[in-house]
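Visitor: I'm new to reading protein structures. Could you walk me through one?
Guide: Sure, let's look at it together.

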Amino acid sequence: DGCEAIYEGMPRSLSRETTIADPKEPGEQLEISGTIYQADGKTPARDVILYVYQTDAKGHYSPAPGATGLARRNGHLRGWMKTDEQGRYKFRSVKPAPYPGRNIPAHIHPIIKEPDKNEYYIDEIRFDDDPLLTKEERVKEEKRGGSGIIKLIKNQDGVWIGRRDVVLGLNIPNY
């Protein structure tokens with residue numbers, strides 16, 4: 001699954017918020033936040049690492065200078081957060097574009113690393129208004145960690161705002 005990419009370049013110290021895209025990065029500004037819950041779906045989960053990576057505004061995983069291995073494959077738009085006591089996280093980036101010439105909706109890949117558990121992927125963060133997110137695509141969703149389809153609202157500063165909550169272990173095989 002490539003989940004081990006979470007460790008390549010991971011900072012030693014993580015907070016609940018990160019900025020993935022440099023302010024000069026082309027594209028529309030995006031902010032995603034949410035809460036990660038324990039398997040009961042109610043209790044906030046603290047100290048959970050969330051790793052995300054995505055395409056740029058042209059639909060490419062363009063690598064950071066000097067990147068190698070999985071870090072190169074995941075591109076330069078990647079980041080890490082660790083949930084706080086209330087299970088909260090937030091990241092800022094640019095809105096990803098779909099892969100050029102393909103009918104796959106734009107998305108952000110999230111990987112979860114709980115304390116004392118192996119890392120695992122959850123459903124991609126996808127955008128409800130994406131014309132490529134057809135009925136057929138919606139049916140394919142596994143709802144790993146809950147639904148990854150989110151609604152975006154543009155705020156007064158022109159930033160797209162979305163929320164993706166996660167339930168640990170939900171629909172994860174052999175959890």
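Visitor: What share of the residues in the protein chain is buried?
Guide: A residue counts as buried when its relative accessible area is under 20%. In this predicted model, buried residues make up 49% of the 175 in the protein chain.

Visitor: And which residues touch the most other members of the largest nonpolar core?
Guide: A nonpolar core is a set of buried residues such as Leu, Ile and Phe, joined through side-chain atoms within 4.5 Å. The largest one here has 27 residues, and I32, I36, F91, I112 and F127 touch the most other members. Two or more residues come from each of β2 (29-37), β3 (49-54), β5 (88-94), β6 (107-113) and β8 (125-127). There's also another core apart from that one, with 10 residues, including A5, I6, L70 and I111.

Visitor: Let's zoom in on F127. What is F127 in contact with, leaving aside its neighbours within four places in sequence?
Guide: Quite a list: L30, P96, A106, H107, I108, L133, I150 and L152.

Visitor: How many helices and strands does the protein chain have?
Guide: Two helices and 12 strands. Starting at the N terminus, the order is β-β-β-α-β-β-β-β-β-α-β-β-β-β.

Visitor: Why is the chain said to be as compact as a globular protein of that length?
Guide: Compare its radius of gyration with the globule rule: the chain has 15 Å, close to the 16 Å given for 175 residues, so it is as compact as a globular protein of that length. As for the box filled by the C-alpha atoms, it is roughly 40 × 40 × 35 Å along the principal axes.

Technical notes:
Residues are numbered from 1 along each chain as its sequence is written. This is a predicted model: local features need pLDDT of at least 70, side-chain atom pairs count only at pLDDT 80 or more; totals for chains, interfaces and linings use all residues. Side-chain values use heavy atoms; hydrogens and water are left out. Buried means under 20% relative accessible area, exposed over 50%, partly exposed in between (1.4 Å probe, protein chains only). Helices (H or I, at least four residues) and strands (E, at least two) are DSSP runs, numbered from the N terminus. Contact means heavy atoms within 4.5 Å. The radius of gyration is taken over C-alpha atoms; the globule rule is 2.2 Å times the number of residues to the power 0.38.
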